[in-house]
Amino acid sequence: MSNTIIRPATAADLDRITEIYADAVTQGTASYELEPPGRAEMGARFDSLMAGGFPYLVAEKDGAVLGYAYAGAFRPRPAYRFIVEDSVYVAPEAKGQGVGLELMQSLIEAVEAAGFRQVIAVIGDGRADSASVRLHEKLGFRHSGRLEGSGYKHGRWLDTVFMQLSLNGGALAPPDPDSLPERKFRQQK
């Protein structure tokens with residue numbers, strides 16, 4: 001997508017991020033939320049990710065935010081500290097134009113640079129032909145599980161698909177003591 005800039009999100013982007021997510025909640029099945037959170041809640045979520053040092057990116061073209069992606073903790077227990085879960089949402093008018101791919105490529109680079117070892121995608125309505133499943137497959141994620149009938153939204157049961165991408169040697173190399181997850185862990189002790 002030409003003239004698209006992928007950059008770190010700022011608090012000034014939150015109104016647009018809230019709009020994009022509201023559409024995903026009300027019209028789609030990627031999120032299992034049934035009511036879109038308001039701006040204050042989206043701000044609290046953003047602040048929490050920023051405080052944790054996690055990457056949060058937006059795609060911007062001609063001054064308009066067309067999508068966003070972020071990584072956050074997969075689970076709160078400390079042994080999971082090397083794993084992040086990704087999220088990516090694209091505005092309705094920008095779907096199918098490569099925005100999600102550009103966001104995810106940049107997010108993966110940021111996650112890898114921080115020293116994480118695994119990226120997990122938890123995909124709502126994980127049909128094989130879903131845009132999210134296809135995007136993650138294109139980026140090298142492998143299928144690692146399915147929860148059948150795990151969500152009910154828009155009058156139908158939805159499966160949740162788990163996909164996984166190994167980075168920085170994955171489970172084949174010891175933790176890097178200089179990685180973000182290890183530094184945060186040492187600070188908490």
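Start by selecting residues 131–138, helix α4, which lies across β4 (83–90), β5 (118–124), β6 and β7 and runs at about 160° to β5. A word before going on: what you have open is a predicted model.

**Around helix α4**

Stay on this helix and show its side chains. Which residues of α4 are buried? Pick out Val133, Leu135 and His136. Now turn the view to look down the axis of α4: these buried residues fall within an arc of 165°, so they line one face of the helix. Next, show what covers them; the cover includes β4, α3 (99–114), β5, β6 and β7.

Rotate to the face of α4 turned away from the buried side, and you will find Ala131 and Lys138, both exposed. Then step along the chain to Gly140, which follows α4 and has a positive phi, near 95°.

**The sheet**

Now hide the side chains and bring up the strands. There are 7 of them in an open sheet, and from one side to the other they come in the order β1-β2-β3-β4-β5-β7-β6, with mixed pairing. Select β1 (4–8) and β6 (142–153) to see the edge strands, each of which pairs on one side only. As you look across the sheet, the twist averages 25° from one strand to the next.

Strands of a sheet pair through backbone hydrogen bonds, either parallel or antiparallel. In which sense do β6 and β7 pair? Select β7, residues 156–166, together with β6: the two are antiparallel, joined over 8 bridges. To look at one bridge up close, pick His143 and its partner in β7, Met163.

**Over to helix α2**

For the last stop, select residues 39–51, helix α2. At 1.5 Å a residue, its 13 residues should span 18 Å, and the end C-alpha atoms are indeed 18 Å apart, which agrees. This helix lies across β2 and β3, running at about 55° to β3.

Show Met42, Gly43, Phe46 and Leu49, the buried residues of α2. They sit on the same side of α2, because they cover an arc of only 125° around the axis. An α-helix has 3.6 residues a turn, so residues three or four places apart point the same way.

What do the buried residues of α2 pack against? Add α1 (14–27), β2 (56–61) and β3 (64–73) to the view, and you have their packing partners. On the other side of α2, select Ala40 and Ala51, which are exposed. Finish at Gly53, which follows α2 and has a positive phi, near 80°.

Notes. Residues numbered from 1 in each chain as written. Predicted model: local features only at pLDDT ≥ 70, side-chain atom pairs only at ≥ 80, totals over all residues. Heavy atoms only, no water. Helix = DSSP H or I, 4+ residues; strand = E, 2+ residues; numbered from the N terminus. Expected span 1.5 Å × (residues − 1). Buried < 20%, exposed > 50% of the residue type's maximum accessible area, 1.4 Å probe, protein only. Arc of directions from axis to C-beta. Contact = heavy atoms within 4.5 Å. Pairing = 2+ DSSP bridges. Axes fitted to C-alpha atoms, helices over the stretch in contact; angles between N-to-C directions.
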